[in-house]
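I opened my notebook to look through this fold and its empty spaces. Here is what I looked up, in order.

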Amino acid sequence: MKFSYFIFHLLILQHVYSNSIINCQLGENCLEEEVKKSEFPDGFLFGTSTSAYQIEGGYIEDGKSLSNWDVYSHTNGSIKNGGNGDIANDHYHRYLEDIDIMESLGVNAYRFSISWSRVLPNGSSGPMNPAGIKFYNNIIDNLLLKGITPFVTIHHNDYPQELEERYGAWLSSFMQEEFVHFASTCFKNFGNRVKYWATINEPNYFSELAYMKGLIPPVHCSPPFGKCFYGNSDIEPLLVVHNSILAHAKAVKIYRDQFQVEQRGMIGMVASAYMYKPMTDDEVDKKAATRALTFHVAWLLDPLVHGDYPIEMRHYHGRKLPRFNYEETILIKNSMDFIGINHYSTLFVKDCLHSNCTCTRDNNPMCSHGENRAILGFLLTSGQNKDGDFIGDPMGMPGLYVVPQGMEEIIAFLKKRYNNMPIFVTENGYGSNDNNKKGGYDLDKDINRIKFHKAYLTTLARSIRNGADVRGYFIWSLTDNLEWTFGYTIKFGLYYVDPLTLDRSPKLSAHWYQDFLTNNIQAKKSI
């Protein structure tokens, strides 16, 4: 049986590799290039990416406290099909197996996050949890034994519920000091073996989902974005990002002052980074596409490089946009050694400054009903143009589309705006909704996943040839996992996880990634 299974996958791989055409851009076909690992610089990090809440489980084991996501997921109707992270992929007990999987893939890096509530169950008001420290030390040590570089995200959405109840979490400036204490704890306990630190995962997107649209905890919003018990969608996202920027910068200062010289690591921030294209050739839509990059990406990154928010945001938000005082400006400016980006998709943009925009979520999953407001930059984003044509093939997750050229374009934007600062693509992946399939996953959709990564890696390699200082690429994700409010219905993993046994099984995409990383693709093609 194993031999037949191998032959079957080999035949499928030959089929995938022999496909000569992919849809690169709306209305345009291009030849599929067979991207090779050798096209990337020596020392380039190729890895997979995960986050603590999405894979670990062990939600109240060994001294861990309840996180905001633990509490939220136990509220009826919060997560699709009643999913939660109580067990998740049971990485807490199976981390050695997962590290063996990474070694078999051939990756040289692994991005994971630290569970705040596992390490500091009560935040700064309580003691450090030795069991939590031991768990992450075990992960780091075993990664290094396998020749895999740890790339650590300190905070990825989950934090002790106590901080929500005590301060209102990221709405409060007290959260800055809580985060600094958490980050310092990580530097002290793990930093002698960790050379890459990402402080916070995409606060620009987190603030939109949690405080503008009210789709994830703490579920804050106001009309017209939604009907929540609490929140102000026009102001709270600005406060959350402001506090995140200052928390990041304060943690970076401590790292640089007390740890970096001895530990010789790099530290940066991870931003959500869609690319945007005008919906029409009208000048107002072209300006709106530029404005979308400003209000979504530069909103977070400009202060960390240039010391303040973009001028366009000051113009449209006025006094609602918080200000940095002189000392804070000095603190935040140049507070990154690298930029991390989570890039999945590209969207069309329509201007809403010069005309009233209306949309419904029935035909536009990106619709927020607040397109005519400053918090969104007076613009509408969509995966379809006015004629109903998709910008790229839709993925299984609503609002994501396959547009490989967007990778090259977002890298070019970052290269120009931020003086070619080092960049790591910390997440890039193909989401499918292949549920109820024998064997656990849809082969056709996984072939699409392979095409996705080949196409995006091809444009990334082109960016590097054009001078961009890109130093790493992490596939989201190693395994299928809890995709937040989508539960286990959306799959990004290279490995299928059986929901009953939690056994891991490689998908065809895992075999492809292994072949890519071991330079076996040409051998497969010649068979």
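**Entry 1: a strand pair.** I began with strand β7 (residues 266–272), which is joined by five bridges to strand β9 (residues 338–342), the two running parallel. I picked out Val270 and found its bridge partner in β9 to be Gly340. A reminder to myself: this is a predicted model.

**Entry 2: a helix on the sheet.** Next I looked at helix α8 (residues 174–190), which packs on the sheet and touches β5 (149–155), β6 (196–201) and β7. The direction of α8 makes about 160° with that of β5.

**Entry 3: the whole barrel.** Where do β7 and β9 sit in the closed barrel? I traced eight strands in the order β3-β4-β5-β6-β7-β9-β14-β15, paired in parallel, so to speak, all the way round a closed barrel. From one strand to the next, the twist averages 25°.

**Entry 4: cavities.** I then turned to the empty space. How many cavities of 30 Å³ or more are there? The count comes to four. The largest cavity holds about 270 Å³ of space. Its lining has 20 residues, and Glu208, Tyr276, His296, Leu376 and Thr381 lie nearest the centre. Two or more lining residues come from each of α9 (203–212), α11 (283–306) and β11 (379–382). By class, I noted 13 nonpolar, four polar and three charged residues in the lining of this largest cavity.

**Entry 5: the second largest cavity.** For the second largest cavity I wrote down a volume of about 80 Å³. It is lined by 13 residues, with Tyr53, Gly57, Lys64, Asp70 and Arg118 closest to its centre. The elements giving two or more residues to this lining are α2 (52–55) and α5 (116–119). What is the make-up of the lining of the second largest cavity? I have it as three nonpolar, five polar and five charged residues.

**Entry 6: the largest pocket.** Last, I went to the open space. The largest pocket takes in about 950 Å³. Of the 38 residues in its lining, Tyr205, Leu209, Met397, Thr485 and Phe486 are the closest to its centre. Which element gives the most to the lining of the largest pocket? That is α9, with four residues. I also recall α9 from the lining of the largest cavity. By class, the lining of the pocket has 19 nonpolar, 12 polar and seven charged residues.

Note on methods
Residues numbered from 1 in each chain as written. Predicted model: local features only at pLDDT ≥ 70, side-chain atom pairs only at ≥ 80, totals over all residues. Heavy atoms only, no water. 1 Å grid on protein atoms, 1.4 Å probe; cavity = no way out; pocket = protein on both sides within 12 Å on 5 of 7 lines; lining within 4 Å. Points joined across faces, edges and corners; volume = space filled by probe spheres on them. Nonpolar A, V, L, I, M, F, W, Y, C, P; charged D, E, K, R; others polar. Pairing = 2+ DSSP bridges. Axes fitted to C-alpha atoms, helices over the stretch in contact; angles between N-to-C directions. Contact = heavy atoms within 4.5 Å.
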